[in-house]
Amino acid sequence: MIRNEVSLWRQDGWTVAVPEGDIDLGTVEDLASRIERGVGNDSSGLVLDLSRVTYLDSTGLRLLFRLSRQLASRQQALRVVVPPDSLLRPLLSLAGVGSAVPLFSSSVQALEHRPST
Amino acid sequence: MGQRGSVTHRSVPRAEGLRSILWLRSGLPAQQLMVLVAGTASVLLTVTVVNQARTGLERVTDGAQEVARLDSARGSFQDADMMHDALYADVLSAVLDGGADAPFLPGRPAAEVAQDAARFRADLRAVDAIDLPPALRLELTRLRPVQQAYIAEAERLAGPDQDPTQRRAELPAFRNAFLALKDEQDAITQSLLEQSQRARAVADRDQRGARQSLVAGGIGALLGLVALSVWLYRVVRVLALRVRQEHGVAETMQRMLLPEALPDVPGVRLAAQYVPSAEGNLVGGDWYDVLVLPCGQVGLVMGDVAGHDLGAAAEMSQLRNALRAYACEGARPVEVLERLNALCFQQQLATIATCVYAVLDPVARTLTVVNAGHYPPLLLEPLRTTYLDAAPQPPVGAVRAPEYTASTCVLPPECVVLLYTDGLMERRAVAVQEGLDRLALVAKDAPRDVEQLVAHVLDRMLDGGRPQDDVALMAVAPAAQLGEHVRMTCLADPASLLGLRRTVQRWLGESGAGEQECFEVTVACSEAATNAIEHAYGPGRGYYEVDLTRTGEDLTLRVRDWGSWRPPRGQDRGRGTMLMRSLMDEAHVVHGAQGTVVTLRRTLLPPAPAATGVRG
């Protein structure tokens, strides 16, 4: 069983998760459960920082959509961080992640963002 | 099941099992048993006959001695008889000489009497000295005083003081004494002659008997020896046949357990050789194995089971297969050997095995080594040699719960790793360190091509001859390049994906793909593999095969499985196929009766400006 490192902490009322390494069929379930457990009920939502993720495919995309749905059902938000030069960004665009989940270039930006509504 | 529960299995120790193979099951034919019985009987007969001949010979010796004694007694007694006659003649001549005119030779008759009397006495003493039959001795004893008296009378009559007239007057009396004694003495001489002849006849008979016994004994012994030799020859031949058969089975088994051909692993050059021992009767428990592991890594096994018989070969096969299973399931190297050790105790294998299990990652160029009491692998670099993981750890099957540790090293460029068994070192007298030093020295100057290296090391270490113990030697080197065509077989397990991607990435790097191209093609390939893992097989895992081909700038990646894809289930599924189509120039998924083949094609952009953006 390959386990990815994932750092989790609370900041400004949000839960920040920074997973590392490859996200694929072999690692996604373990990662998902650890992130899900890390997001408390009192949290405003999850900032998922993918800047240290070296690989991601459809199983990773599936995780993003799943987290988005789960958090939405608890009135929590998901913000995904992908640096502008990341190899993942084109893939996320291709899969239409941007239309369902707001993408940010850095976690600072993600935390500071105030929705216009 | 209840029935089966009552069946008990008696375990047969290996030595006893072997004995039963050699003896009980050899079923020595009845004919051979008869030969054995005949041989034994003939030996007993021979012993009896020879014993008889021996006593016979003793008798012959005794008889010959008696004959000699009797002959000697007869001779002496006949001499005495002659002296008896001589004395009478002497006395007669003295009486006649002493007559009218014979003083011419005074004292002559007396001197002759004295001389003959002395001889007479000497002859009698000679007879007395001989050991004779009691009856004869009694006769002689009885006659002795008469003889003494006769001699004394002769001396007195021939004496010089005797008056001639008186002499003449006493002559008739002396004559009577002479005649009486003569008869007695003749009788004894005759008796001696007869007894001697009888004894000679008995001795001759005994001698003939003894000779016959000896000849009979000799013939019997010869026949017995022939029968026993025939039996022994047959038994030895049967035994030799059994041993040869057992050895043949063990050697065949050993050969079958070694890989017929080493697997073709992308990015790894491999060569191995097994050399049986010179004696030929030492089938080793040496084994080596090369395993293609789920993540594109290669498992390398070099082991040696204690013992040199069929049992050792059988236990070696158990260990080898178990190790294969554990390793291919994806267990970590330490875990593989710990589970193998546990198996030894759990299954009560009588064996102890030294073993190196190493995992080579050709992409990361790392080698992880766990050494269970085996000789350490040798790392050859262009300018130096290093033994890896020489810290001693217990052999497999020796300690109930060992905690093995692994050591990982990054393989430097142009290196080769040598794995081997102790037969390579053991020109018996050589100390371990000496052997290690010698191997390092020999390997340092060896050619770096793995095939040539193995041949060179074997030739130098064994001095061009056959080893006393069997030898296995394996050389493994991470290749500098994967090449244009790569084929790998992966276990349909999520854990295989990481290794697959690393191999694909390395291949793409060699192809000159840009960073984004590399990422996208890798994702597409990994998606195809993910589909094979997720959809092709049920819970019993299968395999998938990845085939990478580069022709100029054109890449073709083919992922094939042998299952049937289940339709995507659950939310957010089916995105993988979409990604493959988007990321590649072409993506074909062909489902067939034999399984599914996904073919992905993409032409790389010319290397000049870095390509960004998603294609398709």
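Student: What pattern does chain A follow along the sequence?
Tutor: This is a predicted model. Read along the sequence, chain A goes β-β-β-α-β-β-α-β-α-α-β-α.

Student: How many helices and strands is that?
Tutor: Chain A has five helices and seven strands.

Student: And how much of chain A is buried?
Tutor: Of the 117 residues in chain A, 53% are buried.

Student: What about contacts between residues far apart in sequence?
Tutor: Take the contacts in chain A with a separation of 6 or more. Residues 24 or more positions apart account for 69% of them.

Student: How are the strands of the open sheet in chain A ordered?
Tutor: The order is 1-2-4-6-7, five strands with mixed pairing. Strand 1 (6–11) and strand 7 (103–104) of chain A are the edge strands, each pairing on one side only.

Student: Strands 2 and 4 of chain A: parallel or antiparallel?
Tutor: Parallel. Three bridges join strand 2 (residues 14–19) to strand 4 in chain A. One residue to look at is Val16(A), whose bridge partner in strand 4 is Val47(A).

Student: Switching to Ser43(A). Where does it lie?
Tutor: Ser43(A) is in the loop between helix 1 (28–38) and strand 4 (45–49) of chain A.

Student: Buried or exposed?
Tutor: Buried. Its relative accessibility is 5%, and the cut-off for buried is under 20%.

Student: Which residues does Ser43(A) touch?
Tutor: Leaving out residues up to four places away in sequence, Ser43(A) touches Arg10(A), Gly13(A), Trp14(A), Thr15(A) and Gln76(A).

Student: What lies 2.9 Å from a polar atom of the Ser43(A) side chain?
Tutor: The backbone oxygen of Gly45(A).

Student: OK, the interface now. How many residues does each chain put into the contact?
Tutor: Chain B gives 25 residues and chain A gives 22 residues.

Student: How much area do chain B and chain A bury between them?
Tutor: About 2,100 Å². Carbon and sulfur atoms carry 66% of that buried area.

Student: How many salt bridges cross the interface?
Tutor: Three, between chain B and chain A. Among them is Arg501(B) with Asp24(A), where the closest N and O atoms are 2.8 Å apart.

Student: And how many residue pairs are in polar contact?
Tutor: Five pairs between chain B and chain A, counting residues that are both at pLDDT 80 or more.

Student: Which helices of chain B supply the side that touches chain A?
Tutor: Helix 11 (496–511), helix 12 (515–536) and helix 13 (575–583) of chain B each supply at least two residues. Helix 12 of chain B has the largest share, with 10 residues.

Student: How do the residues on that side of chain B divide: nonpolar, polar, charged?
Tutor: That side has 11 nonpolar residues, seven polar and seven charged.

Student: Last topic, strand 15 of chain B. How many of its residues are buried?
Tutor: Seven of nine, so the strand (residues 595–603) is mostly covered, with buried meaning under 20% relative accessible area.

Student: What joins strand 13 of chain B to strand 15?
Tutor: Eight bridges. Strand 13 (residues 554–561) and strand 15 of chain B run antiparallel. Leu557(B) stands opposite Leu600(B) in strand 15.

Student: And strand 14 of chain B, how many bridges to strand 15?
Tutor: Seven. Strand 14 (residues 586–592) of chain B also runs antiparallel to strand 15. Here Glu586(B) stands opposite Arg601(B) in strand 15.

Student: What links strand 14 to strand 15 in chain B?
Tutor: A hairpin, through two residues.

Technical notes. Residues are numbered from 1 along each chain as its sequence is written. Chains are lettered from A and ligands numbered from 1 in the order in which they are written. This is a predicted model: local features need pLDDT of at least 70, side-chain atom pairs count only at pLDDT 80 or more; totals for chains, interfaces and linings use all residues. Side-chain values use heavy atoms; hydrogens and water are left out. Contact means heavy atoms within 4.5 Å. Buried area is the accessible area (1.4 Å probe) that two parts lose on being put together, summed over both. A salt bridge is a side-chain nitrogen of Lys or Arg within 4 Å of a carboxyl oxygen of Asp or Glu. A polar contact is a pair of N or O atoms within 3.5 Å; within protein, one must be able to donate a hydrogen and the other to accept it, and residues adjacent in sequence count only if both atoms are side-chain atoms. Helices (H or I, at least four residues) and strands (E, at least two) are DSSP runs, numbered from the N terminus. Ala, Val, Leu, Ile, Met, Phe, Trp, Tyr, Cys and Pro count as nonpolar, Asp, Glu, Lys and Arg as charged, and the others, Gly among them, as polar. Buried means under 20% relative accessible area, exposed over 50%, partly exposed in between (1.4 Å probe, protein chains only). Two strands pair if DSSP finds at least two bridges between them.
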